[in-house]
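Notebook open, model loaded. I want to go through the sheets, the domains and a few odd spots in the backbone.

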Amino acid sequence: MKGLYCKLGETTAEAKFVIQETNLASALGSNQVKVQVKACALSPLDIKLHEDLKFQRDLVPVGREIVGIVLQVGPKVTFFQPDDEVVGILPLDTAMSGLCDAIVINEHHLVQKPEKLSWVEAAGAIRDGLRAYTALHTLARMASGHTLLVLDGASPFGVLAIQLAHYHGVKVLASALSSEDQKFLEQLRPSVARVIGVWDAKVDLVDSCLEETGGLGVDIVMDSGVRLHEEEPEARCLLPYKHDIITLLGVGGHWVTTEQNLQLDPPDSRSLFLKAASLSFLNEEVWGASSARQGRYLHIMKDIVEKLSTGTLRPQLEDPVPLYDATVSMEMVQKKQVRKRLVVQL
């Protein structure tokens, strides 16, 4: 049985993706489930996080968002039985790649897949849905009547965040990084209140947000990274500066950031203090860090798949690729040449 793994080098740039043979354990643990994988999503691998957690592995499993059919259950499994269709996210410390034909996983990392929901949609949206829930519900405490700014709204994560916010009566503004993204967001239904084309040098993000909110600023900002320096790689040139985000934030507002290396200078902190605003770091991996949050984690995943099955959440996914294209696809995802890839087991 083969799986996809990341072979770590001395630097992040030296990491390589390779197909490796692997074996399943012959016996299941008490709460473990054996799942035949039908589809797997490829998202960027956070190599720095693995290094910080000191997992001490030369090969890091790739492809953690999986969907499939239960083949066998352990003696103490209560949630599932053979032939159930399930979806879930492999834990960060897993030794197995989601691209294997079959995987073994604890039952507390899985939920039932609704019959109406396709394999591809389930695998492709489960992690971005979890991120959107974590950002908007857990961190920002979203409520009806709020105004939300989603930066890079056309990303898989951004689209689900927009749809989730609409469902809860939130007014949504979104930035577009290209003319194609802007056209896509303008055609999105329910419609975005304002699409801000930051790819156009004539468009100012701060002015657009303040104009749309009557000068009051937005209640919630969700970024896709922050520009830290004047000279940045081309791929980061369209990201906003931290000062711009603080400026467009309203009184009592909340900034949810994905920028791990964000640093606030004293004037930035002072501005946040004067607005009684707050800042949170989005890291969806925390759900697997403590068993005390397991119930909440499963509740969120169940709600995500239910909203996917009813059409409340409608992910924008590219056509899936076969397993033999997985290595090249993952390299493209890691280099941010594409946002996400889906692999189906033929």
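My entries follow, grouped by topic.

**Entry 1: what I'm looking at.** This is a predicted model, so I'm reading it as such. I started with the domain assignment, which gives domain 1 as 1-123 + 315-343 and domain 2 as 143-279.

**Entry 2: the parallel sheet.** I traced the strand order and got E11-E10-E9-E12-E13-E14, six strands in an open sheet with parallel pairing. Which strands sit at the edges? They are E11 (194-197) and E14 (278-281), each with a partner on one side only. I also looked up the twist: neighbouring strands here are turned by 15° against each other on average, direction ignored.

For a closer look I picked E9 (residues 147-150) and E10 (residues 171-176), and I found four bridges between them, in the parallel sense. One register point I jotted down is Thr147, which stands opposite Lys171 in E10. Then I checked what H2 (residues 119-139) does, and that helix packs on the sheet. H2 touches E9, E12 (218-222), E13 (249-257) and E14, and its direction makes about 145° with that of E13.

**Entry 3: the N-terminal strands.** Here the pairing is of the other kind: E1 (residues 2-7) and E2 (residues 16-21) run antiparallel, with six bridges. I noted Cys6 as the bridge partner of Phe17 in E2. E1 is also joined to E4 (residues 59-61), again antiparallel, by three bridges. In that pair I found Lys7 matched with Leu59 of E4. Reminder to self: strands of a sheet pair through backbone hydrogen bonds, either parallel or antiparallel.

**Entry 4: between the domains.** I looked up the centre-to-centre distance of domain 1 and domain 2, over C-alpha atoms, and it is 31 Å. The contact takes five residues from domain 1 and ten residues from domain 2. How much area do the two domains bury between them? About 600 Å², with 54% of it on carbon and sulfur atoms. On the domain 1 side, Pro315, Gln316 and Arg339 supply 78% of the area buried against domain 2, more than any other three residues.

Next I went through the polar side of this interface. There are two salt bridges across it, and four residue pairs in polar contact. I also wrote down the salt bridge between the side chains of Arg339 and Asp152, at 2.8 Å from N to O.

**Entry 5: salt bridges overall.** The structure holds 18 of them. I opened the one between Glu65 and Lys340, where the closest N and O atoms are 3.1 Å apart. Glu65 lies in E5 (residues 65-73) and Lys340 in the loop between H9 (326-334) and E16 (341-344), so the pair ties together parts that are 275 residues apart in sequence.

**Entry 6: backbone oddities.** Most residues other than glycine have a negative phi, and most peptide bonds are trans. I went looking for exceptions. Arg141 has a positive phi of about 55° and is not a glycine; I placed Arg141 in the loop between H2 and E9. Then there is the cis peptide bond joining Arg189 and Pro190, with omega about 0°. Where does Pro190 lie? In the loop between H4 (179-187) and E11.

Notes:
Residues are numbered from 1 along each chain as its sequence is written. This is a predicted model: local features need pLDDT of at least 70, side-chain atom pairs count only at pLDDT 80 or more; totals for chains, interfaces and linings use all residues. Side-chain values use heavy atoms; hydrogens and water are left out. Two strands pair if DSSP finds at least two bridges between them. Helices (H or I, at least four residues) and strands (E, at least two) are DSSP runs, numbered from the N terminus. Axes are lines fitted to C-alpha atoms, for helices over the stretch in contact, and angles run from 0 to 180 degrees between N-to-C directions. Contact means heavy atoms within 4.5 Å. Domain bounds come from an automatic or database domain assignment. Buried area is the accessible area (1.4 Å probe) that two parts lose on being put together, summed over both. A salt bridge is a side-chain nitrogen of Lys or Arg within 4 Å of a carboxyl oxygen of Asp or Glu. A polar contact is a pair of N or O atoms within 3.5 Å; within protein, one must be able to donate a hydrogen and the other to accept it, and residues adjacent in sequence count only if both atoms are side-chain atoms.
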